[in-house]
Amino acid sequence: MKIIRKSDRVSLRRRVEQGTEEQRKTVQTIIGDVKAQGDKAVLNYTERFDGVKIDQYKVSPQEFEEAYEALDGEFVEILQEAATNIRKFHEKQRPASWFDASEDGTILGQKITAIEAAGVYVPGGTAAYPSSVFMNVIPAQVAGVEKIVMVTPPGKDGKVPDGVLLAAHILGVEDVYKVGGAQAIAALAYGTESVPAVDKITGPGNVFVALAKREVFGDVDIDMIAGPSEIAILADDTALASEVAADLLSQAEHDARSSSVLVTTSQQLAEQVQQQVKDQLEELPRAEIARKSVEDYGMILLCETWGEAITTVNEIAPEHLEIVTDDPFQHLGKIKNAGAIFLGPYSSEPVGDYFAGPNHVLPTNGTARFSSPLNVDDFLKKSSVISYSSEALKKHGDKIARFARLEGLEAHAKAIDTRKERWK
Ligand SMILES: NC(=O)c1ccc[n+]([C@@H]2O[C@H](COP(=O)([O-])OP(=O)(O)OC[C@H]3O[C@@H](n4cnc5c(N)ncnc54)[C@H](O)[C@@H]3O)[C@@H](O)[C@H]2O)c1
Ligand SMILES: N[C@H](CO)Cc1c[nH]c[nH+]1
Ligand SMILES: [Zn+2]
């Protein structure tokens, strides 16, 4: 991990490109085929890309049962406790409809309605995280979404990882389909004989999933195109180098393109963390991924002043930010751009990934400048409500009609004028 002086003016804006033109064309073909042929295309692509031949891809009650049996009771309890914490946190986010009545009898308001059906993509392979099942499904459930459909690619054995099925089972999600990639996104967006069409698709995935989400956006809504995980740690010399290094590596192990950055004013901490990262790396089962991530996207940024350190963090706009100083809350007000902010030495990033309650689906690639974590609002729509009384229209009707004529819209004006008859 390189130590770089901030004064060297290194570029901090991150942009991990997703997909080639050829991959985009492949995805368009897959989507077109699923739209035209439904289940037949889904099963053909599953055989081709996942190497499994199946003729029925909805997870059966027996498969849920087997997953439950395969995992030990203690793990089930941990998952249940985490789900409770996540639900409690998201319940605080639920907004209420409101209606305001004026003295003239006008009622104006905002009615909040949950979207009807949401689709959740859970990636396959080593990224099949039960925690991500919670983070995508729980805000939808708290919002009141009635239909939740989950898709995830089958492994070579034709099965879905037990942890993923258990997480779905704990949340009461029964519509789980063994399909991945662009064909899964197409099935969710347009429906097939087996998979119900949804209104919004959330969840991360590989390049084919990301491109497919971009492609179906507009026909359905999507959450965001999640890039590789990121962590920035803002620390002074009260931080323990071994803990800072461990937290940097916690995100580096996700993906060879993950980024982990320490921002500090302490030369001593910078050097100690550099050494610790090197030492701790070797002991990780995913050392190869973490090493590549740290070498290609890791940095220790040494700043002259604390003010410069804060500006640097805001420039990075990291997915996760840890502040490890004596009084971290003192700096919170100055942080403008970060997906999730972890304060103090005990708030290690994985606390948020799994257990505390806030969502771990967060803006990456510098998009924390304008986006928020996945939340209950993402599964809600707002409708404006307008009820004018006779008195109100009598009072304001002429102004509205004049405004319409100013825009050259005579039919608009007449729609108002015609009501004048009522109070002549
Ligand atoms: N940002 C996050 O929070 C987060 C979390 C978890 C996972 N992820 C990402 O999810 C991804 C998981 O990747 P994965 O591939 O293991 O699982 P995946 O589920 O994303 O993709 C598997 C699917 O890709 C399709 N596919 C594979 N090769 C193809 C090809 N040549 N042409 C067309 N389709 C093809 C197949 O249909 C397969 O089912 C990683 O990129 C990881 O970084 C991100
Ligand atoms: N840190 C990841 C999001 O950036 C989420 C995750 C899932 N499991 C472990 N971590
Ligand atoms: Zn993580």
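**A guided look at a helix, a strand and a ligand shell**

Guide: Welcome! This is a predicted model, and a good place to start is helix 7 (residues 181-190), which is mostly covered, with nine of its 10 residues buried.

Visitor: How do I read a helix, and which residues of helix 7 are buried?

Guide: The general idea comes first. An α-helix has 3.6 residues a turn, so residues three or four places apart point the same way. Now the case here: the buried residues are Gly181, Ala182, Gln183, Ala184, Ile185, Ala186, Ala187, Leu188 and Ala189.

Visitor: What do the buried residues of helix 7 pack against?

Guide: They pack against helix 1 (21-37), helix 2 (39-50) and helix 8 (207-216), and also against strand 4 (117-121), strand 5 (147-152) and strand 7 (200-202). After helix 7 comes Gly191, with a positive phi near 80°.

Visitor: Let's turn to strands. Are the faces of strand 10 covered or open?

Guide: In a regular strand the side chains alternate between the two faces of the sheet. In strand 10 (residues 259-264), six of six residues are buried. Ser259, Val261 and Val263 cover one side, while Ser260, Leu262 and Thr264 lie on the other, so both faces are covered.

Visitor: How many bridges join strand 9 to strand 10?

Guide: There are six, and the two strands run parallel. You can find Ile233 opposite Leu262 of strand 10.

Visitor: Now the ligand. Which residues surround ligand 2?

Guide: The shell consists of Tyr129, Ser131, Ser132, Ser229, His254, Glu319, Asp353 and His360. By character, one is nonpolar, five are polar and two are charged. Domain 1 (21-222) and domain 2 (228-357) each supply at least three residues to this shell.

Visitor: Which residues does UniProt list for "active site"?

Guide: The unreviewed UniProt entry lists Glu319 and His320. Glu319 is also part of the shell around ligand 2.

Visitor: Why does Glu319 count as buried?

Guide: Burial here is a neighbour count: 20 or more other C-beta atoms within 10 Å make a residue buried. Glu319 counts as buried because it has 30 C-beta neighbours inside 10 Å. It lies in the loop between helix 12 (306-316) and strand 12 (320-324). Beyond its sequence neighbours within four places, Glu319 contacts Ser229, Glu230, Gly339, Leu362, Pro363, Thr364 and Ala368.

Visitor: And where is His320 found?

Guide: His320 is in strand 12. With 25 C-beta neighbours inside 10 Å, His320 counts as buried. Leaving aside neighbours within four places in sequence, its contacts include Glu230, Ile231, Gln251 and Phe342.

Terms used. Residues numbered from 1 in each chain as written. Chains lettered and ligands numbered in written order. Predicted model: local features only at pLDDT ≥ 70, side-chain atom pairs only at ≥ 80, totals over all residues. Near = placed C-beta within 6 Å. Nonpolar A, V, L, I, M, F, W, Y, C, P; charged D, E, K, R; others polar. Domains from an automatic or database assignment. UniProt positions renumbered as here; feature names shortened; annotations may be inferred. Helix = DSSP H or I, 4+ residues; strand = E, 2+ residues; numbered from the N terminus. Buried ≥ 20, exposed ≤ 12 C-beta atoms within 10 Å, placed from the backbone. Contact = placed C-beta atoms within 7 Å. Pairing = 2+ DSSP bridges.
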